[in-house]
Structures are given as C-alpha cells and as structure tokens.
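Work through the exercises below with the structure open beside you, and try each task before reading its solution.

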Amino acid sequence: MYHDTYEVIVIGGGHAGCEAALASSRIGLRTLMLNLNIDNTALMPCNPSIGGPAKGHLVREISALGGEQARAADASTLMIRWLNTSKGAAVRALRAQCDPFTYSTYYRKLLTSSPNLDIHQDEAAEILTHSGKVSGVRTRHGSRYEVRAVVLAGGVYMAGRVFMGNVSFPSGPMGQKNSERLTENLADLGIMTGRMRTDTTPRLNINTIDFTGMKPQLSEPEPLCFDLWGQGRVYGHDYACWFSRTTEETYDILARNILRSPLVTGEVDAHGPRYCPSIEDKFLRFPDHITHPVVFEPVSPSNNEVYVQNFSTSLPYDVQAEMIHSLPGCEHAKIIKPGYGIEYTYIHPSQLKHSLELRDIPGLFCAGQVNGTSGYEEAAAQGLLAGINAAMYAKGEAPLTLGRDEGYLGVLVDDLTTKNTDEPYRMLTGRCEHRLLLRWDNVAHRLSPYGRKAGLIDDSRWEFLEARFSREDEEIARLKSAKISPSSEAESLCAEYDAETITETIPAAEYLKHRGATYELVCRLSPPETELDREEIAHVETELRYTGYLEREARVAGRMKSFDGAKIPADFDYDSVKGLRAESLQKLKRYRPESLGHALRISGVTPVDVQLISVILARNERASRDD
C-alpha cells in the first residue's frame with residue numbers, strides 16, 4: 001500500500017475542487033488533489049458560459065478573494081456582455097461565452113505547476129476518521145493518505161446515474177466515470193444525503209444548422225474582463241450566439257411523447273433545477289406556453305459543436321432528434337451528443353457550519369454541487385472558501401466566514417446552512433437583501449482585505465488595489481468639495497447631456513444625484529486632476545449618486561450584524577429554553593445556529609423564539625462573569 005501525508009486533501013477536480021486546491025496550496029499547506037480523470041479538470045459539461053445575474057458577482061468575488069475562476073474565464077472568453085444594464089448598478093454583471101477546452105487547460109496548467117500541490121488520478125473510496133475527526137483518505141488504488149483536513153468536492157460524480165428515456169446507467173457527466181464508493185462511506189459516517197437531478201441539452205453540428213432568420217448576439221464594443229487585475233479587451237464579431245424559439249410542432253412532439261420521459265414514468269423522482277428547467281419540465285409546468293426561447297451557442301472554435309440553451313432533456317434519443325428537427329433552421333441538423341438527465345448524491349447543507357465544515361466531523365469541508373448547488377460559479381466560490389478554511393483548520397487558525405452584507409458568497413452559504421435545499425440552489429440577485437452594498441464596482445473594498453489576510457493576494461496586486469482605493473477616495477473627496485455654479489457654459493453642457501439644468505451653486509457630488517447627470521458631465525464642469533479608469537469611475541459615480549440609499553442600507557445591515565455577532569455556543573441546551581415552540585425546538589436542534597442572526601433566518605423560528613434564547617445567553621454570560 002502506498003502511504004503519504006498531506007495537510008489538506010481535495011477530492012474532486014471540478015470548479016470547486018480546483019479553487020479549493022489552489023487556495024490551500026497557495027496559503028502554504030502541502031495539498032493533494034484526487035481527481036477521477038485529470039484530463040477533465042474543470043470540465044464544462046453543461047453550458048459553456050461563466051457569469052450572468054448574481055453568478056457574475058460571484059466570479060468577481062472569487063477574483064477579489066484571490067481565486068482563479070475570473071482569470072480562467074478571461075483566458076477563454078469568446079463573447080462577453082453586460083447584463084441588467086437597465087436595472088441599475090446593484091444588479092449589473094458580466095456574462096461570457098467561454099471555450100471549455102481553453103478554460104480547462106488554463107486550470108490544468110496552473111494546478112500542475114503550483115508549489116505545494118500534488119495532483120493524482122485516483123478515486124477517493126473512504127474518508128477516514130479518528131476520535132470523530134478527519135484523519136485520512138483511502139483510495140480505490142489502495143493508497144492511504146494521512147491528512148488534517150479534507151475538502152469534498154465530488155459534484156455530480158457522486159453515485160451519478162444518467163437517464164435518457166427508459167435507458168439508465170451509472171455515469172458521471174459527459175460519459176465520464178462516476179464515484180460509488182465514497183457515497184456509501186458518507187452514509188457510514190452518519191452524514192445525511194439525498195438525490196438531486198440536473199439535465200443537459202443535445203449538442204448539434206454547426207454545419208447542419210441554417211441560421212437565416214435567427215437573431216445574432218455579439219460582444220459588447222468595449223474592453224471587458226472579470227478579473228480585478230485583468231486587462232479588458234474588445235472581442236470581435238467572429239463569434240455570435242443565435243436566438244430562436246421552439247415551434248408548435250415541438251409542442252406536439254412533446255405532447256405525444258411526454259409519457260416516455262423518466263420524469264413522468266417515475267424512474268427519476270429527484271428534484272431538478274427550478275430556474276433552468278428541462279424542456280419536459282416547461283411542458284408540464286407551463287402547459288399554456290406553446291413556444292419557448294432557445295439560444296444556439298457555438299461551443300469552441302476548435303470544433304463544430306453547438307449547445308442549445310434552454311433545451312435540456314432526458315427524453316429518448318429518437319424524440320430528441322424529432323424535436324431538434326422541429327426547430328427553425330434545424331430541419332437537417334445532426335446531433336453530435338444527445339441530451340440526458342443525471343441524478344446524483346448530495347449532502348444536506350444544514351449539516352454545515354458557515355465555514356463549510358461539517359458540524360459533526362471536524363476537518364471535513366464540503367463544496368460545490370455536493371452541497372446541493374448548481375452552476376460553475378456557485379461551485380468555484382464555495383471551493384475557494386472551503387479551501388481557505390481547510391487550510392485555516394489545518395493551521396489551527398480561525399476560519400473565514402462572510403456575512404450577508406459582505407458578499408454574494410456570504411448569502412449563498414447562509415442560505416444553504418440556514419434554509420437547506422431539496423432542489424439545486426442557484427444564486428439570484430433577488431436572494432440578496434443588501435444587494436446595493438454588494439455591487440460589482442465595490443467588490444475589492446469588501447473582500448480583498450480577506451484575501452490579503454489569508455495570503456492569496458501578493459504584494460504587487462495589493463499595491464495595485466491600494467493605489468486604486470486612493471484614487472477613488474481622493475476623487476470622491478474632491479467632488480464633495482468642488483462647487484458647480486450656473487453659467488451659460490454649464491447650461492449648454494447640461495443640454496448636450498439632456499441633464500437637469502444647474503440653478504444654484506452646489507457641490508459637484510450633489511449634482512450627480514440630479515436627473516441625467518453623469519460623471520463625464522461633472523468632469524467637464526469641474527475637471528479632475530487625475531484621470532480615472534472605467535471601473536474607478538463606476539465606483540465613484542455609484543458611491544456619490546446613491547449616498548443616501550447606501551447609508552440607510554448600511555444601518556439596516558449593521559442592526560442585523562449585531563444579531564450575527566451574538567454567538568450561540570455549539571453545545572447550547574435548547575431544551576432548557578422554556579416557551580420555545582415545538583417546530584422551533586426541532587429546527588434549532590437540527591441546524592445548531594452559530595448566532596442569533598443565524599437562528600432568526602431559519603424558517604419556522606420566530607423573533608419571539610430568538611428573544612427567549614437571547615435572554616438565556618445574557619443570563620449565562622452574567623453568571624460566567626460572576627464566577
């Protein structure tokens with residue numbers, strides 16, 4: 001038996017596993033990644049895109065904390081666009097179509113050249129424990145590794161099973177090998193698990209599609225990138241996505257064949273993604289909608305494959321072919337890869353702390369789809385956090401946890417640990433009650449100090465940010481003190497920008513709150529000494545334009561933070577709290593909230609319940625002081 005010792009082992013080489021392994025090794029710990037197939041590192045088995053509403057915020061937060069997904073996306077971008085531009089600064093985010101081969105190669109090269117990190121192609125078969133704590137990992141090849149902390153990031157490979165009509169077989173995504181042994185091990189460890197489902201679409205040969213009549217979508221005409229330290233570039237018109245719709249014929253084919261779907265036959269009873277439903281889900285849930293939008297997304301310049309967005313399915317292959325031929329321009333389209341549904345094992349995330357460590361098994365951290373989430377971005381963000389905290393655990397240091405007012409990642413983890421989930425969780429801007437504080441433009445201010453403290457942001461990158469912060473602060477201070485007065489020149493400029501006329505002398509910062517006023521206009525009225533770049537301008541303009549709203553939101557978040565700061569001991573005796581309702585008692589004992597704020601966000605726990613707990617905590621604190 002081969003034997004070795006590591007400080008952190010990461011199980012899985014998907015988006016979560018890659019970020020976890022890089023974070024742990026960069027912090028300085030000897031790290032091992034176990035991957036079923038190294039050639040499929042950071043595989044994109046579904047939509048080859050990164051970002052979008054809320055998801056784009058997560059990618060930006062990964063960058064701000066010192067992770068890699070943003071740079072991997074920038075290295076592989078084919079087309080990139082701003083989304084939600086008409087809805088304000090709080091929800092504006094980027095989405096990019098990426099070449100999955102370039103994306104995967106970026107990560108693979110980085111992983112195999114990183115100090116302190118070993119990569120090994122093997123299947124983790126058993127997580128070993130000693131005295132209730134993680135102690136090692138045993139593999140299918142018979143190797144045994146001693147370890148201080150483990151990050152489980154097995155994704156949809158965990159007892160994965162593919163469905164296509166009445167055909168089903170054990171498999172990971174895209175025909176890859178799945179992992180069976182570890183799922184059995186989780187049950188032996190007493191971990192509560194369940195089953196979830198996701199689906200993917202048929203891939204078509206681009207040369208067999210007629211795009212005439214479809215609406216193309218191209219990149220923005222401005223330099224863009226996800227990475228905080230990246231050099232945005234303009235993407236040409238060589239790549240386009242194409243918009244179309246299903247037809248009445250598609251609907252008729254579904255109506256005739258819906259009983260052949262494993263979702264209807266009962267072969268699959270696991271919940272699928274609510275916000276990315278299969279074509280069968282749409283037919284069953286929205287029977288009055290005869291047609292649905294679809295998007296043809298070319299996968300890579302290196303092949304002729306096209307991904308059909310909004311058309312995922314687990315129907316039999318013959319039905320898939322018939323449905324594809326019913327789409328405009330696809331009368332002669334050829335399927336390269338059929339669509340399928342895949343069911344897999346996940347752990348109930350209510351068993352996790354906010355650090356993503358299992359409460360009952362110290363040293364075992366979980367990240368990605370194994371926690372019940374969906375999407376590359378949610379997985380990578382969790383992987384980064386789990387990797388940081390596994391390293392902190394191995395070093396005997398306090399974990400990094402984020403509040404709901406600090407990042408979308410904080411919201412994601414809090415939702416999972418507080419509310420649990422029985423369907424694939426997707427990050428949405430609507431889930432973030434403090435989203436005005438969690439903008440694209442202020443992500444470095446919010447999170448980069450944490451990345452710096454963890455050791456993931458080096459001196460040169462930190463100096464870059466400090467210089468940016470200084471320029472932004474100086475310009476905000478200048479605009480607050482600079483005065484703009486009525487004049488014929490000012491009136492002419494305001495008319496040029498269709499902005500509200502200046503009728504009295506006011507600070508330049510105040511004028512930014514007026515109708516039609518922009519930073520560009522204000523700079524022409526009161527020129528700055530230092531020119532800012534596009535992102536610095538966005539931050540300055542937003543901070544000044546929404547000052548009142550930001551201050552009010554910060555006060556609300558501060559009040560909530562006081563509850564989060566009131567910690568509840570892990571061994572707190574909820575049975576001793578008289579007056580708790582039965583439902584509250586049951587859920588409090590199950591979730592073991594880490595703070596009063598955490599308890600308040602548990603569905604079924606009322607403010608009165610939290611008040612009763614706070615009284616006991618205050619009493620215990622007084623008794624402790626008296627002793």
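**Exercise 1.** Find which residues of helix α18 are exposed and which are buried, and work out how the buried ones are arranged around the axis.

*Solution.* Keep in mind throughout that this is a predicted model.

Step 1. Begin with the exposed side, where Arg555 and Arg559 are found; a residue is called exposed when its relative accessible area is over 50%, and buried when it is under 20%.

Step 2. Turn to the other side of α18, where the buried residues are Leu550, Glu553, Ala557 and Asp564. These residues cover an arc of only 70° around the axis, which puts them on the same side of α18.

Step 3. Recall the general rule that an α-helix has 3.6 residues a turn, so residues three or four places apart point the same way.

Step 4. Look for the cover over this buried side, which includes α17 (534-545) and α20.

Step 5. Finally, check the length of the helix: α18 runs over residues 547-564, has 18 residues, and reaches 25 Å from its first C-alpha to its last, close to the 26 Å expected at 1.5 Å a residue.

**Exercise 2.** Carry out the analysis for helix α19 (residues 582-591), naming its buried residues and what covers them.

*Solution.* Step 1. The buried residues of α19 are Ser584, Leu588 and Tyr591. Seen down the helix axis, they fall within an arc of 80°, so they line one face of α19.

Step 2. On the other side of α19, Ala582 and Gln586 are exposed.

Step 3. The cover over the buried residues of α19 includes α11 (408-419), α20 (596-600) and α21 (607-626).

Step 4. Continue along the chain to the residue that follows α19, which is arginine 592, and note that its phi is positive, near 45°.

**Exercise 3.** Is arginine 203 buried or exposed, and which backbone oxygens lie at 2.6 Å and 3.5 Å from a polar atom of its side chain?

*Solution.* Step 1. Locate arginine 203 in strand β15, which covers residues 203-205.

Step 2. The relative accessible area of arginine 203 is 2%, and because the cut-off for buried is under 20%, arginine 203 counts as buried.

Step 3. Follow the side chain of arginine 203 to its polar atoms: the backbone oxygen of proline 45 lies 2.6 Å from one of them, while the backbone oxygen of cysteine 46 lies 3.5 Å from a polar atom of this side chain.

Step 4. Widen the view to contacts beyond four places in sequence, and arginine 203 is found to touch residues including Met44, Met174, Glu305, Tyr307 and Lys337.

**Exercise 4.** Describe how strands β12 and β13 pair, and what joins them.

*Solution.* Step 1. Strand β12 (residues 161-164) and strand β13 (residues 167-170) pair in the antiparallel sense over four bridges.

Step 2. Within this pairing, phenylalanine 163 stands opposite serine 168 of β13.

Step 3. The two strands form a hairpin with two residues between them, and glycine 165 in the turn has a positive phi of about 65°.

**Exercise 5.** Trace the order of the strands in the open sheet that contains β1, β8, β9 and β10.

*Solution.* Step 1. The order of the four strands is β1-β10-β9-β8, with mixed pairing.

Step 2. The edge strands are β1 (3-5) and β8 (124-130), each of which pairs on one side only.

Step 3. Inspect β9 (residues 133-139) and β10 (residues 144-146), which run antiparallel and are joined by three bridges; in this pair, arginine 138 has arginine 144 of β10 as its bridge partner.

How values were computed:
Residues numbered from 1 in each chain as written. Heavy atoms only, no water. Buried < 20%, exposed > 50% of the residue type's maximum accessible area, 1.4 Å probe, protein only. Arc of directions from axis to C-beta. Contact = heavy atoms within 4.5 Å. Polar contact = N/O pair within 3.5 Å; in protein donor to acceptor, adjacent residues only side chain to side chain. Expected span 1.5 Å × (residues − 1). Pairing = 2+ DSSP bridges.
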